[in-house]
Amino acid sequence: MADEKSENYVADIHNTAYMGEYREVLLEHTGLLNIDGRNLESLNGKWHFCVDPYDTCRRAHWFKEIRLSDRGVEQPVDWDFDAWERVTVPGTWNMQAPELYWYEGSGIYMRTFRYVPQKTGERLFLCFEGASYETSVFLNGVFIGTHDGGSTPFTVDISGTVTTERENRLIVVVDARRSPLRVPMDNTDWFNYGGLYRDVYLVRAPAVYIKDWFVRLVPDGTFSKIKADVDVSGGEGKVILDIPELGIEGEISLEQGRGSGVFTVDSQTLSLWSPENPKLYDVSFRFFPERAGPEDGDRVNDRVGFREIKTRGQEILLNGRSIFLKGIAVHEDHYLLGKTTNTETIRAAIRDLKEMNGNYLRLAHDPHDRRFARIADEEGALLWEEIPVYWAIAFENKNTRRDAENQLAELILRDRNRASVIIWSVGNENADTEERLDFMSGLAKKAKALDETRLVSAACLVNHEKLKIEDRLSEFLDITGVNEYYGWYDPDFDKLFRILSNTSAGKPVLVTEFGGGARSGQRASVNDLFSEDFQEALYIKQVATFKKFPFIAGISPWILYDFRCPRRFNRYQEGYNRKGLIDADRKTKKLAFFVMQNFYKER
Ligand code: GCU
C-alpha cells in the first residue's frame, strides 16, 4: 500500500483506497421516492459512453472536468465526455457493441439536461430503475452518491446541485464487476450484464411532498378493512385517501410527516383481486399542509388491487380459498435485449404462462423491471419476487448484509402496492450454516416488518444426507421453497418420492425448481440427454410424483425460456442454459411445455 507521506506520492496512481470518498454517501431505500403516479421526465436516449476498466474516472476525479492546472495551464487530460461514442439508455452495454459483449468493468455514462423549475421551492429527483452493479452519480462536477445492487431502484435528490443557469452535466459510473462480497457474489448461473439497463428519469415534487405510501387490505379474513400508511417528507398536516369506487374519502393525520389509517369497506361491494378477476381501483393520496399556501400540497394517484394472501397448515389461501400455484420460473434475460425489457416482452411472458394454463411466475433470481408487477396486476398473474442472495454469499460480511437488506427494502418499497406480488423471496440454494441462518432469517424478519401482508419464502436445497426437505431457515418462512433436480443432476429419480415421503411439512411447500436441459429441435430417445424427448419424459415423471403429495402447494419448473449462461458450453448449450420449456427465441415451444399445459389444465 503506497504511503501518502512518501515524497513522490501521486494520488491518481498510488491511492488504492480511492473508493473511500465514494462510499461515504450511499443511496439506499431510506432515500427512495415512490414514483408511481408521478410525472416522469425521461432521461432515456443516447448518452455518451466510455469503458473504464481501471475505474480511472473515480480514481482521478475525471467527473470534475478540470482542464487547467492550478496555474491556469491546460493539462493533457485523458477524458473527452462530449466526444465519446453514444450508447442507448436503457440498455446493457453488452448488447450494444460486439467488443462490449463480455465487458464486466466500469463504464462511464454522460449526458446533459436543462432544468427549468415549474413551481417555487419544488424539489428535483434523479430516479434510476436499475443499474448493474455499483453506481456512482456525479452532477456538475459534484459527487452525489453511490448505490449498490444491480436490479433495484434508487433515487437521488439533486435539488441542491442542479442549476438553471446552463446545461446540467450528469456523469454516472457503473461498475459491473462481480465480487465475492456482492449480492449476488461472483459465481452465478446467469450472464452478468452491466450498465444503465433500466429507465432513468427526472421527477419533480413540491417542497413538502408525499414520499411513499402503502395501501392494502388488512389480512384478517374479514375483507372489510383497508389500511393506508403515508410518509410525507417531514411535513405536518393531513392526508386524504380517496378510493371513490369504494366510497372511501378518509383522513390520515400526520405525526412528524407519517400517518396511518384504517378504513372500513363493505366486503359485499369490494371486488377482490385475483388472477381470474384482476380488479384494480383508482386510489389517490392528497396532502394538505398545516399552513397551506395556494401552491402547497401534493397529490399522487395509483391503481391498486385488494386481496388477501395467507397460509393455513399446508395450504395457500387467496381471499380465503385454497389455491395451487401453477407456475414457472423466468429470468429477465432476453436474446436481443440482454437484461433490458419492455412492456411487450413482459406481456408475452404472461401470455405464455396463461397458454400453459398457469397462474403464477417465479421472477428469478433478482427483482425484475418495475413494470412486471404493474402488468401482472392488470392481466392477472401471481408473482414470487426475489433478491439475488444466491448460492455462496459472504454471509459473515457486514457490508454484504447491508447490501442485501437494502436491496430487499428497495424491492418491497417499490412493489408492495402491487396485488400480483404474493411472495417475497430472500434467496436461493444457500448452504445451511450459522452465518447464513442469521443473515437470511434477518432478511425474512425485515420483509415482514416492511410488509405484514405477504408471504416470505426462499428456494432451499434438499437435505441430501437425510433425504428430506429440511432446512433450519424454514422456521422463519411462511412457505418452504425447494429446488430438486432428480432425474437430471441426480439420475436416481426414485429419491424424489422417498424425499417427499420423508417430509412432514407443517407449512406449504413449493417446488421452486425442477427440470432438465433440452436443445430445441433435438429429437432422440428418452435416454438421450439434452433431447426434447428426455426432457418431456422427465417432466411426465416429475408431475406424476407431485400429484401424490398434497403438501405441495405449487410448482415453478425451471424455466420458461432458455437463457444465457457463461458456464454451459457443450454442443447442446453453447453458452445457454437450455432448461427452458421455450427456446431462447421466446417462440419455439419444446415437448415438455405441453406436459405442464396438461398438468395445469387438470388442476
Ligand atoms: C439451480 C439454480 C438456478 C440454475 C439451475 C440449473 O437450482 O437455482 O439458478 O440455473 O439450478 O442448474 O439450471
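Biologist: What makes the approach of Tyr 390 to the ligand a polar contact?

Modeller: In this predicted model, a polar side-chain atom of Tyr 390 lies 2.7 Å from an oxygen atom of the ligand. The cut-off for a pair of N or O atoms is 3.5 Å, so the pair qualifies as a polar contact. A polar side-chain atom of Lys 579 also lies 2.7 Å from a ligand oxygen, and for Trp 558 the corresponding distance is 3.1 Å.

Biologist: How much of the ligand does the protein bury?

Modeller: Taken alone, the ligand exposes 310 Å², and the protein buries 96% of that area.

Biologist: Which residues surround the ligand most closely, and how does the shell divide by character?

Modeller: The ligand is surrounded by 14 residues, of which the closest are Asp 189, His 365, Glu 429, Tyr 489 and Glu 513. The shell comprises five nonpolar, four polar and five charged residues.

Biologist: How do you know that the length of helix α5 agrees with its number of residues?

Modeller: Helix α5 covers residues 398-415, which is 18 residues. At 1.5 Å a residue the expected span is 26 Å, and the end C-alpha atoms are 26 Å apart; therefore the two values agree.

Biologist: What makes α5 a mostly covered helix, and what is found at its start?

Modeller: Of the 18 residues in α5, 13 are buried. At the start of the helix, a side-chain oxygen of Asn 397 comes within 2.8 Å of the backbone nitrogen of Asn 399.

Biologist: Why is Asp 55 called buried?

Modeller: Its relative accessible area is 1%. Buried means under 20%, so Asp 55 meets the criterion. Asp 55 belongs to the loop between β2 (45-52) and α2 (56-59), and its side chain is joined to that of Arg 58 by a polar contact of 3.0 Å.

Biologist: Why is Ile 252 classed as buried, and where does it lie?

Modeller: Ile 252 has 0% relative accessibility, which is under the 20% limit, and therefore counts as buried. Ile 252 lies in strand β14, residues 248-253. Ile 240 is twelve residues away from Ile 252 in sequence, while their C-alpha atoms are 6.1 Å apart.

Biologist: How many disulfides are counted, and what makes Cys 127 and Cys 565 buried?

Modeller: A disulfide requires two cysteine sulfur atoms within 2.5 Å, and by this rule the count is zero. Cys 127 has 3% relative accessibility and so counts as buried; Cys 565, at 0%, therefore counts as buried too.

Definitions and conventions: Residues numbered from 1 in each chain as written. Predicted model: local features only at pLDDT ≥ 70, side-chain atom pairs only at ≥ 80, totals over all residues. Heavy atoms only, no water. Near = heavy atom within 4 Å. Polar contact = N/O pair within 3.5 Å; in protein donor to acceptor, adjacent residues only side chain to side chain. Areas by Shrake-Rupley, 256 points an atom, 1.4 Å probe, with all protein chains shown as cover. Nonpolar A, V, L, I, M, F, W, Y, C, P; charged D, E, K, R; others polar. Helix = DSSP H or I, 4+ residues; strand = E, 2+ residues; numbered from the N terminus. Expected span 1.5 Å × (residues − 1). Buried < 20%, exposed > 50% of the residue type's maximum accessible area, 1.4 Å probe, protein only.
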